[in-house]
Amino acid sequence: MSALAKHLSEQGYLVSGSDISRNNTKELKALDIKIYNRHDEKNVIGCDAIVYTSAISENNPELVYAIKNNIPLIKRSQLLGQIMDRYKISIAISGSHGKTTTTAMLANVLICANLCPTVFLGGSDKNFGNYLSGKGDIIVAEACEYQRNFLDLKPKISIILNIDSDHLDTYKNIEQTAKAFYEFSKNSISIINIDDKMAKDICTTTSISFAKNGVANLVAKNVVYNRKGYVFSVYSCGRRLGRIRLGLEGEHNIYNALSVIAVANLLKVPFHIVKTSLESFCGVKRRNEFIGKKFGMDFYCDYAHHPKEISAMLSTYNKQKNSYITIFQPHTYSRTKLLIDEFINCFKTSSPLIIYKTYPAREKYDKYGSAKTLYNKLIKGENLNGKKVYYAGNKKELESILRSLSNGIDKAVFLGAGDIYDIAREIVIN
């Protein structure tokens with residue numbers, strides 16, 4: 001939303017907004033964008049249109065007032081789709097995991113190639129933040145499948161990184177999810193990860209495929225982990241392009257890079273530029289980000305909030321020689337309830353583990369999907385092989401547990417998509 005606000009302000013529109021959490025408000029205020037810290041119908045009196053996110057409830061006072069007074073309502077994804085339609089080349093990055101990193105990765109390649117892209121990012125790039133205003137005819141945007149929002153985008157080029165069971169309040173099963181991804185990509189040049197089973201199933205004869213295993217248009221071969229990231233050779237239609245040394249942890253970043261290389265090939269970006277950009281790319285905020293030191297431990301934060309993402313992150317830490325504590329904040333009650341067995345299973349390799357109170361986002365309290373329920377199931381089960389599990393209901397409790405466990409521990413790894421990032425930073429500062 002803040003990226004859209006920046007774009008509209010840049011286009012000459014008078015923009016204001018309501019945000020109870022005050023996210024990104026400092027940048028917006030610098031653009032003379034008025035920010036209200038509560039939702040109230042008074043905030044939208046005199047507005048010509050209201051842009052809203054899927055996180056806003058139907059009984060929100062500003063939406064209620066708009067409907068009553070015939071003020072046009074525009075969903076965030078609809079506005080983004082309208083903006084993308086104005087560009088000659090529109091690229092949308094989708095997938096259950098990895099969208100933000102891949103979008104930023106691609107943006108940095110296009111910047112290095114002097115293609116001057118406009119970029120809408122779901123997270124924050126360490127160089128340009130969540131929005132980049134470009135002078136070229138290319139737009140790059142992250143495409144979220146929640147509530148099928150990405151169907152409002154009509155990109156010329158689409159990327160599908162993977163398809164997984166998530167947003168189960170939107171999709172009844174994985175087949176419904178896959179169908180939505182197919183609808184999103186079918187009228188574009190689709191670039192698809194065929195190592196992912198569900199993504200492979202929707203790959204067509206006109207798709208551009210990428211993989212680490214098997215036959216594909218783009219393949220990573222001779223993969224080596226060097227404790228700083230992954231090194232691999234890139235082959236395009238059987239021809240070796242060169243070798244990439246990624247400075248990012250996590251094997252999934254090989255797939256992210258391959259999808260970016262596929263787009264670069266379409267846009268005829270020379271491989272040496274792609275290589276230079278990918279090898280210098282240092283990631284986005286909240287993706288294995290070092291945020292400081294406390295109690296003798298290095299604090300790292302990662303956005304991982306789905307069992308598969310958590311497993312990938314813990315796998316990375318388990319390859320290192322350092323000892324670590326995992327702090328996990330569940331994101332939404334519905335996800336925790338519907339995937340609770342997967343959450344229990346993914347923490348098998350983590351020791352010790354602290355479960356922090358749920359970040360509810362748009363949802364009302366649900367006992368069966370609460371962090372406390374997850375904690376109780378973890379301590380009653382045998383999945384953690386006797387490893388210690390703790391529960392923290394607030395920042396003070398979390399800080400106390402971390403202090404008591406810190407002796408002999410090298411790192412504290414905070415996982416989650418909620419406010420755990422801010423809480424970890426506050427602990428470091430205080």
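**Close-up 1. Tyr-300 and its ring partner Tyr-317.** In this predicted model, Tyr-300 is buried, with a relative accessible area of 17%. Tyr-317 is buried as well, at a relative accessible area of 3%. The two rings form an edge-to-face aromatic pair, with 6.3 Å from centre to centre and 70 degrees between the planes. Tyr-300 belongs to strand β16 (residues 297-302) and Tyr-317 to helix α10, so the pair, whose members are 17 residues apart, links distant parts of the chain. If you would like to check the call yourself, the pair counts as edge-to-face because its planes are over 60 degrees apart.

**Close-up 2. The ring cluster around the same pair.** Step back a little from the pair and more rings come into the picture. Ring pairs join Phe-290, Tyr-300, Tyr-317 and Tyr-324 into a cluster. For the structure as a whole, the count of aromatic pairs comes to 12.

**Close-up 3. Thr-316 in helix α10.** Here the focus is Thr-316, which lies in helix α10 (residues 307-318). Is this threonine, Thr-316, buried or exposed? Thr-316 is buried, because its relative accessible area of 5% falls under the 20% limit. Setting aside neighbours within four places in sequence, Thr-316 is in contact with Glu-249 and Gly-250.

**Close-up 4. Lysine charges over tyrosine rings.** Two views can be set side by side here. In one, the charged end of Lys-221 sits over the ring of Tyr-235, at 4.5 Å from the ring centre. In the other, the charged end of Lys-372 sits over the ring of Tyr-391, 4.9 Å from its centre.

**Close-up 5. Cys-112 and Cys-346, two cysteines outside any disulfide.** How many disulfides does the structure hold? The answer is zero. For Cys-112, the nearest cysteine sulfur is that of Cys-282, 11 Å away, so Cys-112 is in no disulfide, given that a disulfide needs sulfur atoms within 2.5 Å. Cys-346 is likewise in no disulfide, and its nearest cysteine sulfur, belonging to Cys-301, is 17 Å away. The surroundings are worth a look too: Cys-112 is partly exposed, with a relative accessible area of 40%, whereas Cys-346 is buried, with a relative accessible area of 5%.

How values were computed. Residues are numbered from 1 along each chain as its sequence is written. This is a predicted model: local features need pLDDT of at least 70, side-chain atom pairs count only at pLDDT 80 or more; totals for chains, interfaces and linings use all residues. Side-chain values use heavy atoms; hydrogens and water are left out. Helices (H or I, at least four residues) and strands (E, at least two) are DSSP runs, numbered from the N terminus. Buried means under 20% relative accessible area, exposed over 50%, partly exposed in between (1.4 Å probe, protein chains only). Contact means heavy atoms within 4.5 Å. Rings of Phe, Tyr and Trp (its six-membered ring) pair if their centres lie within 6.5 Å; planes under 30 degrees apart count as stacked, over 60 as edge-to-face and the rest as tilted. A charge sits over a ring if NZ of Lys or CZ of Arg is within 6 Å of the ring centre and within 35 degrees of the ring normal.
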